[in-house]
Amino acid sequence: MRLIFYEWKKLWLHRSLIWVLLGLLLFDVWHIRDTWQTSSYFADNPGWATGYWTIYDRFSGDITTDKVQSFLGFYTPYEESVQDMTFNAAIDPDSLTGVNIFSDYLMLQRYYFTPMRRMVTYRSTADSIALQAQKNVASYREKGNTYEMQRNARIYLLFQNRSIDQFFYYEPYARLLDYNFSSYLAALFIVYGLSLLLRRERESEMDIIILVSPRGGRKTLAAKVIVGFTFVLLTVATFALTDWLSFLAVYGSADGSVLPLYALAEFSETPLIIPLWQTVILYLITRFFGFCVFSLCYLFLAQRSKTILFPFLAGTATVLGLLAVAEHTCEWHQVTCKAFNPASLLIPQSLYRTSDFFRLGNYPLLTHELAFLFAVCVCATALLLLFALANKNTWNHNFKWYRKKASKIMEEI
Amino acid sequence: MTFLWEVRKLLISRFGVFFLFAFCLLNCTLLLMTNQPSDLAQDTWKTQYMVYLEQLRGPLTQEKETFLAEESEKISQAKLKYSQLKEDYYAGSISSTAFARESEALQSILRNEQGFNVIYDQYRRIYEDPQNRYFTSTNGWSALLERCDPACYLLLIFLILFAAPLYCQEYQCRMENVALTTVHGGVCFGKDKPRLIILLAIILATSQFLIQLVYALQRYGLTDPTFPLQSVPAFQSCTRSISLWQASVLILVSRVLGAVLFVLLASVIAILARNMTLTVFLDAALAFLPLFGLREDIQFHLPLPSTGISASAFLQGSQTLQSDSGTTLYIFREVSWNRLITLGIAALLLILLCYIVILRKCRNLWAGK
């Protein structure tokens, strides 16, 4: 326990680590603001934001029939005047967005009408999927196909009773759950931190001395691995929290947190039945797992090689390469491409967007379940290798040997 | 003399030759594995396409337009006739010998139909701006000039591999104190090392470009180097009037400048940080963060080493979008000549500054005392 504490303290004694972390976090926040500027309609037309928030209180909250009716009553005149081409195209400061009726119509359509319609009709879509799955279960049971039966049973369980009962401003979450840049930053930072953790002793050839001390060898290594895990967790949590808070701050609303994940258009086929704020935490855990796989492999490499240069560059190149592959396969439906690539754990939306199944024996596994399983297997192998190939503690070893020899001599005497 | 020692140290004791070889090999593999022809149809129907290209090569003229219209008419007529002929044959109204004779004549017209489709697509693109866009086979030039991110990452990684240990290895074993107090220590640290690493950067950037050039030449062929740059679809909206070979030279120069700037910045980082881990990390951040974190619109208006290496967006034209309120939104703003020259000068000044910093920091302590 004390070893862990010492290693932890030693790691943060490197002042550069803190400066680097601060620098990366600042860049992250700047990048989030840049994302807002390039992707939100509110950034280009400030009038849209004002118009949106003036009527927000009237139509947000629980979706009731009255509210939907009153919204349609509010929206239809705009739509009709646009479709008749009878609206006044001149700039009109009294209109909702301060531009003209057409601009009002576009804003209402993009930010109220389309999402609301999707939310209202989502229930029937999900129900029809569940119903179809239920029918399939019955027919596959007749035919004796257990795998398909189980798969459809899972689909039924996932899609039954899905409905979206509330309407809130969800844009920050839609962007946050699609945001990967912080993964790149965290990857760089973690590689740097882990190199510091392992390399200092190597560079000053202290490792040989540590090996002959009572707690050297595997005990020190175990302490280092544990510190490595906590370091990764801390980093991922810091970046996740920064992302979360800055997205909410930049977009200026946290109302959407209670909406279910499937309320977002990109996630309408997700297997997860949790609200958005829990999804953010789940993203954190997923990224933590992904980084654990990479960190263990990296620790193994760094432990075996002579200088830091090659493991660092090889590690960076591998992470970047795999991340590029993962981004490329993000929209695909092949489960194996995504699940057997540990980098897709770093861009979790690739795992949670679709409900695809992988057949393991006779049991249907969802993409993210398979990915987690694979990650755990790789972690276990890397850990085993790391400890099996670690330098043995010479002190203990010699001590035992001397004790044996001494007892033998004593016996002889 | 010390320069030769440095060369020997870098190339032989630090396996530099092996890395150079590996770099070339990896570049070749990368090209062979990932390169796709940018116009797949042009590559698939190459022989048929060439038949038409030989007649139309060069700028669009009135005669060529008439020829294309006539040819199009001829092919559609032949297609119509052929289907009519087949119907007649299956209905039994003509004999098999008559069918064979007639269809052979029609087939000879239809043989190059796919190639004609490719060139007709090209014609439609050229028609928008006949002054600057010429008929030529574009795949080779696309492969050479268009943006290729993996190659850019590879070059950056190998530059770090060479530049980081150059100074850090000395700092790691505290050799710099010994070296700087010898007679030639200052020369070695302040002049030979930067000279060597600049030379290496030039070699790496040039060899990568040459490999791409040879690949494009062998795989697609690089014809008509004097045609305007806008003939290649990726650069069609560019407003510069430069030819294809000038564009290639520009890209080569930009890459070399970017690579030299990068290694010198890396050396300065190494001298200031005096620590291998921090140096490698900062180098990687300098290389990759701008590429991932900044929009192209910002990236290519700053004198950054990694954008110099990726280079091809310097030649691209503006990409715009119409917003709802009617204003034009820029996705990418073309880098004007003035801006390009300013960037080049800024890069050169940065290189000079880095060199001065290195010289200052690595003064000979022996002579002073």
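1. In chain A, contacts between residues with a separation of 6 or more are mostly long-range: 74% of them join residues 24 or more positions apart. The corresponding share in chain B, counted for residues at least 6 apart in sequence, is 75%. The model is a predicted one.

2. Secondary structure in chain A consists of 17 helices and four strands. Chain B has 17 helices and two strands.

3. Neither chain matches the radius of gyration of a compact globule. For the 413 residues of chain A that rule gives a value near 22 Å, but the chain has 28 Å. For the 369 residues of chain B the rule gives a value near 21 Å, and this chain has 28 Å. The C-alpha trace of chain A spans about 110 × 60 × 30 Å along its principal axes. For chain B, the box that holds the C-alpha atoms is roughly 110 × 50 × 35 Å.

4. Burial in chain A stands at 49% of its 413 residues; in chain B it is 49% of 369. The accessible surface of chain A is about 20,200 Å², with 63% belonging to carbon and sulfur atoms. Chain B exposes about 17,900 Å², and carbon and sulfur atoms hold 62% of that.

5. On charge, chain A carries 37 positive and 33 negative side chains, with the centres of the two sets 19 Å apart. Chain B carries 31 positive and 28 negative side chains, and here the two centres lie 16 Å apart.

6. Helix 7 of chain B (residues 113-127) has the length expected of it: at 1.5 Å a residue its 15 residues should span 21 Å, and the end C-alpha atoms are 20 Å apart, which agrees. Its buried residues are B:Glu113, B:Gly115, B:Phe116, B:Val118, B:Ile119, B:Gln122, B:Tyr123, B:Arg125 and B:Ile126. An α-helix has 3.6 residues a turn, so residues three or four places apart point the same way. The cover over the buried residues of helix 7 includes helix 3 (40-44), helix 4 (46-56), helix 5 (62-91) and helix 6 (96-110) of chain B.

7. Is A:Asn161 buried or exposed? A:Asn161 counts as exposed because its relative accessible area is 61%, and the cut-off for exposed is over 50%. A:Asn161 sits in the loop between helix 7 (146-159) and strand 2 (166-167) of chain A. From A:Asn161 to A:Ala126 the C-alpha distance is 7.7 Å, although the two are 35 residues apart in sequence.

Notes:
Residues numbered from 1 in each chain as written. Chains lettered and ligands numbered in written order. Predicted model: local features only at pLDDT ≥ 70, side-chain atom pairs only at ≥ 80, totals over all residues. Heavy atoms only, no water. Rg over C-alpha atoms; globule rule 2.2 N^0.38 Å. Buried < 20%, exposed > 50% of the residue type's maximum accessible area, 1.4 Å probe, protein only. Contact = heavy atoms within 4.5 Å. Areas by Shrake-Rupley, 256 points an atom, 1.4 Å probe, with all protein chains shown as cover. Lys, Arg positive; Asp, Glu negative; His and termini not counted. Charge placed at Lys NZ, Arg CZ, Asp CG, Glu CD. Expected span 1.5 Å × (residues − 1).
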